[in-house]
Each structure stands twice: as C-alpha cells, then as structure tokens.
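Q: Please explain, label by label, how the terms applied to this model follow from their definitions.

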Amino acid sequence: MRLFEGATMNRYSIAALGCVAVLGVAALSMPSGSRAATPYRSSLPVQAAMPGFDGATTWFNSAPLTPAQLRGKVVLVDFWTYSCINCIRTVPYVRAWADKYRAHGLTVVGVHSPEFRFEKDLTNVSAAVSRFKIDFPVAVDSDHRIWQAWGNNAWPAWYLVDANGKIRYRQVGEGGYDKLERAMQSLLAEARGGPVDATLVDPAGAAEQMAPDLRQLDSAETYVGYRQASGFNSPEGVRRDVAHQYSAGQLGLNQWALSGRWTVNAESARAELAGGAIAHQFRARDLHLVMGPGQAGRTVRIKVSVDGRAPGADHGADIDADGNGVVTATRLYQLVRQSGSALQRRVEIRFLDSGAEVYAFTFG
C-alpha cells in the first residue's frame, strides 16, 4: 500500500497486502435447485446508499448514468486508473464479469480517477479504454468528485450496489476475485428471486495483465518524481525542477539511478538529451515502467539491457529480444519478463531520443 499526498488516495500493491482487503463481507449462501417459495435474501449487509456519478467530466461507452436509471440492476462500480499495474491486472476479470452477468441484471460502471496528470487527458483515457477492450460504461472522474463522494481511497476498488440502490459490499486490491464474484452472484440471486450460474470466471491474462509471481517478488512500486521517490542512488542527489547531469554507479537491491542530463519534477523525470538512461536493481519476474514520449505525436526509441546485455528470452511484451522498443504514448510498458527463476537483475533503459518522461517502476 502507498499513501498519497493529503492522505486521500492509496494505491494498493498485492505484494504489500499479501491478500485482498475485504470490508463488510458476510457468508454467502447461494440458492440451488428450483425457485424457492420464499424469495432469496443475500446475507450481505446494507452499508450506504449509492452516491451516484455526479462530477464526471465525460463518459465513454454510455450516456451519463444516474442511480435512478440503475435501479433494478445490480451494479459493480470499478475505481481504476489506466497506468496502475494493480488495476491493469484486474481488467480481464472485470470484462469477464460484465460479459457473463450482463444478461442476468449486472451493470458494470468503471470510474476512471487519475493518479498522474497525464491520466486526465481524454485522448489517453480513450486510448486505454480501447487498448483494454473495455465495452462497459466508464465515468471519467478527472477532478476526483466521484472518488470523494464514494469515500474511496484506493486503486483498484470495487463496490457492489443492489437492485434497490444500496451499497452491500466493498473490496480493494488485487486478488480475492472469487469472493467478489460470490458476492455478485448473491446480489443477482436476490434481485432475480432465484439462482444464478454459480461457476466462477477464469480469464487468461496476457503480457502485463498476467497475475504477479508473489513467491519471487522482492521489489515494490518505485516512483521517479521527487514527491514520492524512494531508493534514488545517483551520487549527485536530486536537483528539483532544474536540468542536471546525473550518473549511475553501483546499485543495491531496489535502488535506481539516472545517467545523462535530466530534469526531475514532482511526478516524473524528463530526459533532456538523447542518450540519457535510468537503471534499477530489482528482483521480480516482471519489470514495467510508466513512461511517455513527452509530447503527443512524438516517438522515442529505447534500448533496454539486463545485466549489461540484450534481454533475449527475458524481454517484456513491449520490447524485442535485442532490447529495442518505441515509446509512442504515455502508459505502462512491460520491459522485462524473466523466463526462468526471478534472479536479482540490473535493468537499464537508454533513451535514444530526447524528451522522454518516466514516472514509476512496477513489478510482478
């Protein structure tokens, strides 16, 4: 878990939690057989009335939705932001639930509440909705008004609302998908007055959407901007908001460094000249980097090495075996997926063009 400025927003890491945090869980008793004479009632307690989605700056895949319009439906509200690896890995499940239960009375509503400034850009959000093949309604919450109305404090976070507009279940963080789906089935059975399909979805996750390997995960999310940076080990120290020449030497586990001329800002660091690099010493199966080309329409070529060599079979989905890749949009890029045991490695990303912006390392 990482606490954000103002103590209002948390980004839950499955590595930090160890398991999903669940609030307000009651034992689920699913009906079976034919329709019962007495209508089924879920044991999930009523927590609050559904606040709604006032404050959305726009919507994707739908006209604006209100609590009145959703009455009679079970609603799964999914708080996410598109560069968050914890959110990205949940997407196959949320899509699968939307597809499986749509005909049984479930409406999924995504609420995109940004962490970084670039996640407020509607072009970026639209591209993410398309890239992740999201076809359910998404409310864009760029000013965090929906986030605040729901009292939310984490990505990802889910709320289940019953057919009467009452919140009955909340769950935060990755994992625990069976618990959430059982709660969903319970409320759908209550709304329908009879049983629903009690099987569980088991979607495949490719590239960065694959579940993390917790047994070999010794590195946690690492921010590059000085507001939340940790583990920085360039000997020059951070020079805030001014261009400066940095160097990278020996790194210990979970330390990182810049080399070349960079400007370190509150949220990110920008490579001022071609040839600048960022290095990180990590231990995990996967390494990702949230980064962008600096300006819309630009591309930045990158060269990735692992322990000073081409990554070969350990390359991630966004580079080739020789370590070559291209940054075309501001998003999360998978750079390393170790093909064998997750050894402690040093990765270096060299930017062959100027202007790239880097935000955060994440692992899996």
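A: Asp-307 is placed in the loop between strand E18 (300-306) and strand E19 (324-327); helices (H or I, at least four residues) and strands (E, at least two) are DSSP runs numbered from the N terminus. The model is predicted, so local features require pLDDT of at least 70 and side-chain atom pairs pLDDT 80 or more, while totals for chains, interfaces and linings use all residues. Residues are numbered from 1 along each chain as its sequence is written, and side-chain values use heavy atoms, without hydrogens or water.

Q: Why is Asp-307 called partly exposed?
A: Buried means under 20% relative accessible area, exposed over 50%, and partly exposed in between (1.4 Å probe, protein chains only). Asp-307 has a relative accessible area of 31% and is therefore partly exposed. Asp-307 also has a positive phi of about 55° although it is not a glycine.

Q: What makes the phi of His-144 worth noting?
A: Most residues other than glycine have a negative phi. His-144 is not a glycine, yet its phi is positive, about 60°. The residue lies in the loop between strand E8 (138-140) and helix H6 (145-149). Its relative accessibility is 13%, and His-144 therefore counts as buried.

Q: What kind of peptide bond joins Trp-155 and Pro-156?
A: The bond is cis, with omega at about -20°. Most peptide bonds are trans. Pro-156 lies in the loop between strand E9 (154-155) and E10.

Q: How do you know that the length of helix H7 agrees with its residue count?
A: The expected span of a helix is 1.5 Å times one less than its number of residues. Helix H7 (residues 177-192) has 16 residues and should therefore span 22 Å; its end C-alpha atoms are 22 Å apart, in agreement. Just after H7, Gly-193 takes a positive phi of about 75°.

Q: What do the buried residues of H7 pack against?
A: Contact means heavy atoms within 4.5 Å. The buried residues of H7, among them Tyr-177, Leu-180, Met-184 and Leu-188, pack against strands E6 (74-80), E7 (106-112), E10 (157-161) and E11 (166-172), and against helix H4 (91-101).

Q: Why is H4 described as largely enclosed by the rest of the structure?
A: Eight of the 11 residues of H4 are buried, so the description follows. The buried set includes Val-91, Tyr-93, Trp-97 and Tyr-101. Their cover includes E6, helix H3 (85-88), E7, E10 and H7.

Q: How many aromatic pairs are there?
A: Rings of Phe, Tyr and Trp (its six-membered ring) pair if their centres lie within 6.5 Å; planes under 30 degrees apart are stacked, over 60 edge-to-face, and the rest tilted. By this rule the count is 21. Phe-79 and Tyr-159 are 5.7 Å apart centre to centre, with 70° between the planes, and form an edge-to-face pair. Phe-79 is in strand E6 and Tyr-159 in strand E10, so this pair ties together parts that are 80 residues apart in sequence. Phe-79, at 0% relative accessibility, counts as buried, as does Tyr-159 at 3%.

Q: Why does the pair of Tyr-93 and Tyr-177 tie together parts apart in sequence?
A: The two rings are stacked, at 3.7 Å centre to centre and 10° between the planes. Tyr-93 belongs to helix H4 and Tyr-177 to helix H7, so the parts joined are 84 residues apart in sequence. Both tyrosines are buried.

Q: Which residues do ring pairs link into a cluster?
A: The cluster holds Phe-53, Trp-59, Phe-79, Trp-147, Trp-150, Trp-155 and Tyr-159.

Q: Why are Cys-84 and Cys-87 not called a disulfide?
A: A disulfide is a pair of cysteine sulfur atoms within 2.5 Å. The whole structure contains zero disulfides. For Cys-84, the nearest cysteine sulfur is that of Cys-87, 3.3 Å away, which is too far for a bond. Cys-84 is buried, with a relative accessible area of 0%, and Cys-87, at 2%, also counts as buried.

Q: What makes the link between Ser-83 and Glu-119 a polar contact?
A: A polar contact is a pair of N or O atoms within 3.5 Å; within protein, one must be able to donate a hydrogen and the other to accept it, and residues adjacent in sequence count only if both atoms are side-chain atoms. The side chains of Ser-83 and Glu-119 make such a contact at 2.7 Å. Ser-83 lies in the loop between E6 and H3 and is buried, with a relative accessible area of 0%.
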